[in-house]
Amino acid sequence: MGFFTKSQSNVATGVYADVKKYLKAKDGKIHVVMVNSYSKFANGYFCCEDKYTTQIDQIVSLMQDDGYEIIDVKVTTIFRDQADIMQGYSTLITYK
């Protein structure tokens, strides 16, 4: 894990403290939580988006560590700048 990836993971761990406040009790029902995030600047056109991948994976992993079952993860673009070098994403995590 590289320096930037470790830093991205640490940021996601901090964000998870906020996400955790909105997670429902484990009651057998299906629930959702939405996380907004951004890609890194000047990302290549065809590559693994390591910032988004690392941060969302960290949140999903921490949810599983806390005993939640991940049902689905969906993502949509919510923002794209005119220079097309940065995008915002909304990620919907469905869990039980």
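A salt bridge is taken here as a side-chain nitrogen of Lys or Arg within 4 Å of a carboxyl oxygen of Asp or Glu. By this rule, the count comes to three salt bridges in what is a predicted model. The protein chain has two helices and three strands, and from the N terminus on its elements run α-β-α-β-β. The briefing below covers the overall chain, the sheet, the nonpolar core, selected residues and the salt bridges.

**Overall chain**

- Of the 96 residues in the protein chain, 34% are buried.
- The protein chain exposes about 6400 Å², and carbon and sulfur atoms supply 56% of that area.
- Among contacts between residues at least 6 apart in sequence, 65% join residues at least 24 apart.

**Sheet**

- The three strands form an open sheet in the order β1-β3-β2, with antiparallel pairing.
- The edge strands are β1 and β2 (70-80), each of which pairs on one side only.
- From one strand to the next, the twist averages 20°.
- Strands of a sheet pair through backbone hydrogen bonds, either parallel or antiparallel.
- Eight bridges join β1 to β3, and nine bridges join β2 to β3.
- Helix α2 packs on the sheet and touches β1, β2 and β3, while its direction makes about 20° with that of β3.
- Two residue pairs give the register of the strands: the bridge partner of V33 in β3 is I93, and I70 stands opposite Y95 in β3.
- In a regular strand the side chains alternate between the two faces of the sheet.
- Strand β1 shows such alternation: H31, V33, V35 and S37 point to one face and are buried, whereas V32, M34, N36 and Y38 point to the other and are not buried.

**Nonpolar core**

- The largest nonpolar core has 16 residues, of which Y16, L23, V33, I59, M63 and I93 touch the most other members.
- Two or more residues of this core come from each of α1 (3-20), β1 (31-38), α2 (50-65) and β3 (87-95).
- Helix α2 gives the most to this core, with six residues.

**Residues M63 and I93**

- M63 has its place in helix α2.
- M63 counts as buried because its relative accessible area is 0%, and the cut-off for buried is under 20%.
- Not counting residues up to four places away in sequence, M63 touches Y16, L23, V33, Y68, I70, I93 and Y95.
- One of these contacts, Y95, is 32 residues from M63 in sequence, yet the two C-alpha atoms are 8.8 Å apart in space.
- I93 lies in strand β3, and its relative accessibility of 0% is why I93 counts as buried.
- With residues up to four places away in sequence left out, the contacts of I93 are H31, V32, V33, V35, I59, V60, M63, I70 and D72.
- I93 and I70 are 23 residues apart in sequence, with a C-alpha to C-alpha distance of 7.2 Å.

**Residue Q8**

- Q8 is placed in helix α1 and counts as buried because its relative accessibility is 11%.
- Leaving aside neighbours within four places in sequence, Q8 is in contact with D50, K51, T54 and Q55.

**Salt bridges**

- Side chains of opposite charge can pair when their charged atoms come close.
- K21 forms a salt bridge with D18, with the closest N and O atoms 3.1 Å apart.
- In this pair, K21 is exposed because its relative accessible area is 62%, while D18, at 37%, is partly exposed.
- D66 and K20 meet through their side chains in a salt bridge of 3.3 Å, N to O.
- This pair links distant parts of the chain: D66 is in the loop between α2 and β2, K20 is in helix α1, and the two are 46 residues apart.
- Both partners count as partly exposed, D66 at 27% relative accessibility and K20 at 45%.
- The side chains of K74 and D72 also meet in a salt bridge, at 2.6 Å from N to O.
- D72 is partly exposed, with a relative accessible area of 29%, and D72 also appears among the contacts of I93.

Definitions and conventions:
Residues are numbered from 1 along each chain as its sequence is written. This is a predicted model: local features need pLDDT of at least 70, side-chain atom pairs count only at pLDDT 80 or more; totals for chains, interfaces and linings use all residues. Side-chain values use heavy atoms; hydrogens and water are left out. A nonpolar core is a set of buried Ala, Val, Leu, Ile, Met, Phe, Trp, Tyr and Cys residues joined through side-chain atoms within 4.5 Å. Buried means under 20% relative accessible area, exposed over 50%, partly exposed in between (1.4 Å probe, protein chains only). Helices (H or I, at least four residues) and strands (E, at least two) are DSSP runs, numbered from the N terminus. Contact means heavy atoms within 4.5 Å. Two strands pair if DSSP finds at least two bridges between them. Axes are lines fitted to C-alpha atoms, for helices over the stretch in contact, and angles run from 0 to 180 degrees between N-to-C directions. Accessible areas come from the Shrake-Rupley method with a 1.4 Å probe; for residues, only the protein chains shown count as cover.
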